[in-house]
Amino acid sequence: MPEIVNGGIVIVGGGQAAASMAAKLRAEGYDGALTIIGEEPVAPYQRPPLSKAYLLGEMPLERLTLRAPAYWAEQNVTLRLGEPALRIDPAARVVHTAKAGIRYDQLALCTGADPKRLPAALGGDLGNVFTIRTLADIEALQPQMAAGKRLVVIGGGYIGLEAAAVARKLGLDVVLVQASERILRRVACRETADAVRALHQAQGVTIREGTGLRTLRGEGVVDSVELVDGTVLPADLVVVGIGVTPSVRLAEEAGLVLGDGIVTDAQGRTSDPHIWSAGDCAEIDLHGARMRLESVGNAIDMGELVARNMLGAAETYQPKPWFWSDMFASKLQIAGWNGGYTRVIAKDVDGESFWYFREDHLIAVDALDAPRAYMVGKRLIEAGSDVTPAEIEAAADLKSLMRR
């Protein structure tokens, strides 16, 4: 039977939330035992560059990792890597792995999310069908990203669009398939989608919207993609980017309350007073709506907040959403959360920007190659500004909005 060891504060997960939480605990003066349990065999690393610079070959592994190896040793953080957490015993306060039972004083679940995969019935188990979420995913995909090959991307969200952009830069022929009527339907307005579509089409990406996947074809390895409308697309490889599901198995089996993720209170605590959660797996409150925020900013901010609250700060989480996506030479920056928007104002000052209003209240901005618009919009949103749609429309200098 595996031995029981003392883990002190134990963090399950190896991403941004886990790393930020551990670092903040040490920075706040916690000097007790601190353990990170990671399923992957590598130290905590950034996930956003996986589908961008790292896939393109422009970022080495040492820049992908969040901290140098020496940092964890210097901070006396025990990394149990390549050692998946198998189950939690909340009564005994022990996390079990195949190698040990790790007793915790407090536990944080930063288990992230898992990519949705195509079922085997649709050809999802064929060779050369990839998802993008982990370092291992990219190491499997990279050798196939060779000039002249034919890539079909299933899904027109950010992951799919970023993969398409990288593939075109590497010289592949790319077709992106979106089942709904347009790309970015879940996350952005039509105006932003139109601008992003034009960007991709100008670089040679074929985008097919309003027709879904019927099946992948091939004998052992994918060789074509059949669409619902009967079109058959030749394919040497397929990237599936159809969203993620929160990784909640451990939480569910431990009896924690779940919603669209692990339900947390305003301080990041779950339904068990000794268990916390942060990052992509955690369901939070954002302006009265229960949701998960899949973003680096949320992972950092919530991870650090939970660290402080573990030490008694009793702070309330106030999310300040921000996101970004790199495609070709362009950068899309997003501030705020556009849920329930009723109006969008498009601006072409210093790049393209799209300003979301709920009635007359500014709630979000998308900025495509428009860093000033992003900066101004982010500050206005976070300050709760009462800037009006008319003022946005009339502004020839966006910075003037900060001096109202």
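Which residue in β25 stands opposite K347? In this predicted model, the residue facing K347 is S353 of β25. The surrounding sheet and the two cysteines C110 and C281 are described below.

**The five-stranded sheet**

β24 and β25, the latter spanning residues 352–358, are joined by five bridges in the antiparallel sense. Both belong to an open sheet of five strands, with antiparallel pairing and the order β22-β23-β26-β25-β24. The edges are occupied by β22 (322–327) and β24 (343–347); each has a single partner strand, so one side of each lacks a neighbour in the sheet. On average, and with direction ignored, neighbouring strands of this sheet are turned by 15 degrees against each other.

Two helices pack on the sheet, as set out in the table.

| Helix | Residues | Strands touched | Angle between directions |
|---|---|---|---|
| α6 | 158–169 | β22 and β23 (330–336) | about 25 degrees with β22 |
| α7 | 190–202 | β22, β23, β24, β25 and β26 (361–368) | about 160 degrees with β25 |

Helix α7 thus touches the edge strands β22 and β24 along with β23, β25 and β26, while the contacts of helix α6 are with β22 and β23.

**Cysteines**

The count of disulfides is zero. C110 takes part in none, and the nearest cysteine sulfur to it, that of C281, is 6.3 Å away. Because a disulfide requires two cysteine sulfur atoms within 2.5 Å, a separation of 6.3 Å leaves C110 outside that cut-off. For C281, likewise in no disulfide, the nearest cysteine sulfur is that of C110. C110 counts as buried because its relative accessibility is 7%. C281 is also buried, with a relative accessibility of 0%.

Terms used
Residues are numbered from 1 along each chain as its sequence is written. This is a predicted model: local features need pLDDT of at least 70, side-chain atom pairs count only at pLDDT 80 or more; totals for chains, interfaces and linings use all residues. Side-chain values use heavy atoms; hydrogens and water are left out. Buried means under 20% relative accessible area, exposed over 50%, partly exposed in between (1.4 Å probe, protein chains only). Two strands pair if DSSP finds at least two bridges between them. Helices (H or I, at least four residues) and strands (E, at least two) are DSSP runs, numbered from the N terminus. Axes are lines fitted to C-alpha atoms, for helices over the stretch in contact, and angles run from 0 to 180 degrees between N-to-C directions. Contact means heavy atoms within 4.5 Å.
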